[in-house]
Amino acid sequence: PIPFVLKNQQTFGGGGTFKVSSRKDVADLKALLSTRILPKLLSGVGPSNAHLKPATLILSEMVQDPICDWGLTFFVRRSGQCVYLSATQQILDPTNAWIGSNISYPAQDQLRQKFTPIMLEIGAWLHSYGYFGPCGADMLEEAQGDHMPTTMKIVDLNVRTSGSLTLGLLKGHFSEQRGLHHATCFAISVDMTRESFIETFEADFTDGRIVIIGWYDDVSSGMSYGYLVVGATDEADLGRRVAGVKKLASVMHF
């Protein structure tokens with residue numbers, strides 16, 4: 001029944017996920033399935049990989065009124081023990097594509113308690129299949145009515161290094177060493193080299209407010225693509241510093 005969500009086998013940053021809320025959405029999705037999605041999926045299925053079900057499509061109920069979009073990151077040790085890294089609030093564009101995450105370092109102790117039960121449940125399930133390593137879980141928090149506890153709905157498991165993993169690992173660099181208690185991560189495209197970008201924001205790099213996680217200079221086009229983490233003292237300061245970067249760069253949408 002409408003509404004529902006359809007997820008492609010391979011998704012990233014919200015791409016490949018389709019929210020269906022009307023009959024028109026159903027018609028549009030059917031056209032997309034027949035002309036683009038299914039031909040591409042089915043062409044990749046063969047005797048060597050059919051047992052992995054690479055053309056699987058996932059249908060699920062839609063979470064109607066989420067009050068928060070969370071990204072949980074943790075590490076599953078070889079022993080099965082789970083190590084909490086962070087819980088971040090995810091940033092979405094108007095099409096619900098992921099474009100980054102925000103973290104509050106002072107809130108992490110409270111969030112650790114909130115997310116530990118579901119982290120242990122996910123970790124035990126992954127470990128039962130022999131997995132150990134990093135994991136990210138995208139969750140929607142849903143209200144249950146007045147005076148009722150909220151519930152968490154897992155909408156995606158990223159059994160790999162996730163986009164917000166670095167935020168938790170940079171707590172010492174930002175919060176403990178520099179008093180920058182809020183941070184955000186996002187990808188940019190900019191028409192300058194890495195060296196020029198660092199020179200432009202020299203003060204921020206010197207103070208440790210901006211960290212480059214990854215960077216690629218495309219010599220042929222003159223464009224560069226980077227993945228940044230920006231730290232600030234509070235949310236207002238963070239907004240101002242991100243706005244300063246966006247004056248020169250475009251945030252990449254996945």
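L57 sits in the loop that links α1 (23-43) to β3 (58-61), with helices (H or I, at least four residues) and strands (E, at least two) taken as DSSP runs numbered from the N terminus. The model is predicted, with local features needing pLDDT of at least 70 and side-chain atom pairs pLDDT 80 or more, while totals for chains, interfaces and linings use all residues. Residues are numbered from 1 along each chain as its sequence is written, and side-chain values use heavy atoms, leaving out hydrogens and water.

L57 counts as partly exposed because its relative accessibility is 30%; buried means under 20%, exposed over 50%, and partly exposed in between (1.4 Å probe, protein chains only).

Turning to the interior, the largest nonpolar core has 18 residues, and F186, I188, V190, F197, W215, L228 and V245 touch the most other members. Such a core is a set of buried Ala, Val, Leu, Ile, Met, Phe, Trp, Tyr and Cys residues joined through side-chain atoms within 4.5 Å. At least two of its residues come from each of β9 (182-190), β10 (210-217), β11 (224-232) and α7 (235-246). Beyond its neighbours within four places in sequence, W215 makes contact (heavy atoms within 4.5 Å) with I188, V190, M192, T193, R194, F197, S224, Y225, G226 and L228. There's also a second, separate core of 17 residues, with Y84, F115, M119 and C135 among them.

Then there's S162, found in the loop between β8 (151-158) and α3 (165-169). S162 counts as buried because its relative accessibility is 12%. Neighbours within four places in sequence aside, S162 is in contact with T73 and G136.
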